[in-house]
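Where in a protein is there empty space, and what occupies or surrounds it? The paragraphs below take up that topic, starting from a bound molecule and moving on to the spaces around it.

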Amino acid sequence: MDDIQRRLAEGRAALRARFGEAMARTPSLADPSPQGDGPRNRHGMPKEPPGQNVFTQKEWPVLEWGEQPVITAERWKLTVDGCCEQPLTVDWKALQALPQVDLDADFHCVTGWSILDVAFGGVRVEDVLALCRPAAEATHVMFHAYDGYSTNLPLEEALKPDVLLCHAIGGKPLTRERGAPVRVVTPQLYAWKGAKWVNRIELMPHDRRGYWEIRGYSNTGYPWRDDRMW
Ligand SMILES: Nc1nc2c(c(=O)[nH]1)N[C@H]1C(S)=C(S)[C@@H](COP(=O)(O)O)O[C@H]1N2
Ligand SMILES: [Mo]
């Protein structure tokens, strides 16, 4: 095994040992019908979370609080820092060198629409967290973006295998309005938890609210619990 594969395996195992139980207790895994009546993460199930209307992928709205930044792959950099033993900078080339994941998942906006079965491609947030080795006191992360956006997650959500640093949708590179070159997606939570144009993951020793969490959105954001505002 080369060095990066070994560091990934060790880092993932350490995080599973620390957060595996908390991950299993999250609503999407612990609730009796976490994803409505269907199998986990809804694969193929014709039902959306309470209060959501299904839009087609063509109808997918574009939402952000401000301007859409123009970030080329050459300029893009992700800093992973804060409460961790090995702060990192990941550039486009380093991102492509990490294990690549393709998955079909749903996208639920808190304003009441869902897009089903989107083909997301990218790298697991879990893997960059495995490489940065969160310190013993780290409990939460804040995602920051080039447009000044931020959103927070507990590590037990950020480590889920479907939380991606997404660089492709439907097999094509992300477009500017979708967050090019790299955005986060959080299929088990409302979509505001996924920062477009992401440029920093800050490891934190306690929780802190992000852009929308300060302005009234729920701190947790579980679509299947209709968990929209605080
Ligand atoms: N950087 C950044 N990311 C963001 C936002 C934003 O304003 N800035 N808005 C969030 C919200 S509220 C939603 S619903 C989704 C929208 O993603 P979309 O434009 O691809 O539909 O992006 C999320 N990520
Ligand atoms: Mo949103």
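In this predicted model, an oxygen atom of ligand 1 is 2.9 Å from an N or O atom in the side chain of Trp60, and an oxygen atom of ligand 1 is also found 2.8 Å from a polar backbone atom of Pro61. On the nitrogen side of the chemistry, a nitrogen atom of ligand 1 has a polar side-chain atom of Asp147 at 2.7 Å. Taken alone, ligand 1 would expose 530 Å², and the protein buries 98% of that area.

The shell that provides this cover can be described residue by residue or by class. Of the 21 residues around ligand 1, those that come nearest are Pro61, Trp65, Asp147, Gly194 and Lys196, so that Pro61 and Asp147 appear both in this list and among the polar contacts, Pro61 through its backbone and Asp147 through its side chain. Sorted by class, the shell has 15 nonpolar residues, 5 charged ones and 1 polar one.

The space that ligand 1 takes is the largest pocket, which has a volume of about 340 Å³. Its lining is made up of 24 residues, and Leu63, Glu64, Tyr149, Trp192 and Trp212 are those that lie nearest the centre of the pocket. Within this lining, 17 residues are nonpolar, 5 are charged and 2 are polar.

What lines the second largest pocket? With a volume of about 270 Å³, this pocket is bordered by Gln57, Trp60, Ile169, Gly170, Lys172, Pro173, Leu174, Thr175, Glu177 and Arg178. Trp60 therefore links two parts of this account, because a lining residue is one with an atom within 4 Å of a point of the pocket, and Trp60 is listed in this lining while its side chain also reaches an oxygen atom of ligand 1 at 2.9 Å. By class, the lining of the second largest pocket holds 4 nonpolar, 3 polar and 3 charged residues.

Beyond the open pockets there are enclosed spaces, and the count comes to 2 cavities of 30 Å³ or more. The largest cavity has a volume of about 60 Å³, and its lining includes Asp106, Phe107, His108, Val184, Val185 and Gly194. Strand S4 (101-109) and strand S10 (183-185) each supply at least two residues of this lining, with S4 giving the most, namely 3 residues. The lining of the largest cavity divides into 8 nonpolar, 3 polar and 1 charged residues. Gly194 belongs to this lining and is also one of the residues that come nearest to ligand 1.

Note on methods. Residues numbered from 1 in each chain as written. Chains lettered and ligands numbered in written order. Predicted model: local features only at pLDDT ≥ 70, side-chain atom pairs only at ≥ 80, totals over all residues. Heavy atoms only, no water. 1 Å grid on protein atoms, 1.4 Å probe; cavity = no way out; pocket = protein on both sides within 12 Å on 5 of 7 lines; lining within 4 Å. Points joined across faces, edges and corners; volume = space filled by probe spheres on them. Nonpolar A, V, L, I, M, F, W, Y, C, P; charged D, E, K, R; others polar. Near = heavy atom within 4 Å. Polar contact = N/O pair within 3.5 Å; in protein donor to acceptor, adjacent residues only side chain to side chain. Areas by Shrake-Rupley, 256 points an atom, 1.4 Å probe, with all protein chains shown as cover. Sits in = over half its atoms within 2 Å of the grid points. Helix = DSSP H or I, 4+ residues; strand = E, 2+ residues; numbered from the N terminus.
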